[in-house]
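Colleague: I'm new to this one and would like a close look at a single part of it. Could you walk me through the loop you had on screen, and then what lies on either side of it?

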Amino acid sequence: MKTPATTSLEKLQLFLVSNGIEAKREHPTQDIPFSQLLIPLDTSKEKYDFILQLFFFEDMLPSVKEKFQQVANLQGLIFLELLLPEERLFDLYRCVAAFNQLLPFGDFNVNEKGHPQGVFYRYTLPCLNQEIDESLVVELLHGLRFYINFLGSQIQRLVKESLTLKELFNESHADFQRSI
């Protein structure tokens, strides 16, 4: 007999799976001392490029959790691991700034100094007492899947191909018009 879900992340995972959305729960480890859900956003591939990590920010920092007992922030992160050639950084920052204007929620950021290098997407959903509106998360995931698959793949193209920023924007605009 299965034990009922007890945490908000477990409940969210069950809700997502029951709605046909793949979601894997990762238990705390020594390296990552908090629970998280891993949700692939590019479901048409065998190897996933875009995996959303969902976790409560407060679970990362117990002292914050104790101080703000009723407030919780469901953090969503997607990391695009990319080698960032120095000669492409200026265009990458401009691209990320332009794409952030298109996003209805969350934003892209560049991690050029850390290891690994890349671009990450971040979104935070505030809630009380870690009570999550599961249907809202499903709606956010549908929108996020569209934007991340499109814009994330364009960011990858900018870094990996020898396109100018203007060429990328022109092609992206045409592709975006066809996709909506």
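Modeller: Gln130 sits in the loop between β6 and α5. Bear in mind that this is a predicted model. The phi of Gln130 is near 55°, which is a positive value in a residue other than glycine. Why does that catch the eye? Most residues other than glycine have a negative phi. Gln130 is buried, because its relative accessible area is 19% and the cut-off for buried is under 20%.

Asn129 belongs to the loop between β6 and α5 too. Asn129 is not a glycine either, yet its phi is positive, at about 55°. With a relative accessible area of 45%, Asn129 is partly exposed.

Now step back from the loop to the strand side. Strand β6 covers residues 118-128 and is joined to strand β4, residues 71-81, by eleven bridges. Those two strands run antiparallel. If you'd like a spot to find on screen, look for Glu81, which stands opposite Gly118 in β6.

β6 has another pairing, with strand β5, residues 107-111. This one is also in the antiparallel sense, and it runs over five bridges. Here Asn111 stands opposite Gly118 in β6, so to speak a second landmark at that glycine. The link from β5 to β6 is a hairpin of six residues. While you're looking at these strands, a handy thing to remember is that in a regular strand the side chains alternate between the two faces of the sheet.

On the other side of the loop is the helix. Helix α5 takes in residues 134-160, and its axis comes within 10 Å of the axis of helix α4, residues 89-102. What angle do the axes of α4 and α5 cross at? It's roughly 165°, and the cut-off for roughly antiparallel is over 145 degrees, so α4 and α5 are roughly antiparallel to each other. Their crossing is right-handed.

As for who touches whom, α4 brings Asp91, Leu92, Cys95, Val96, Phe99 and Leu102 to the contact. From α5 come Tyr147, Leu151, Gln154, Ile155, Leu158 and Val159. Sorted by type, the residues of this contact are ten nonpolar, one polar and one charged.

To retrace the route: β6 pairs with β4 and with β5, the loop after β6 holds Asn129 and Gln130, and α5 then packs against α4 through the contact listed above.

How values were computed:
Residues numbered from 1 in each chain as written. Predicted model: local features only at pLDDT ≥ 70, side-chain atom pairs only at ≥ 80, totals over all residues. Heavy atoms only, no water. Axes fitted to C-alpha atoms, helices over the stretch in contact; angles between N-to-C directions. Helix = DSSP H or I, 4+ residues; strand = E, 2+ residues; numbered from the N terminus. Parallel < 35°, antiparallel > 145°, perpendicular 65-115°, else oblique. Left-handed = near helix turned anticlockwise from the far one by under 90°. Contact = heavy atoms within 4.5 Å. Nonpolar A, V, L, I, M, F, W, Y, C, P; charged D, E, K, R; others polar. Pairing = 2+ DSSP bridges. Buried < 20%, exposed > 50% of the residue type's maximum accessible area, 1.4 Å probe, protein only.
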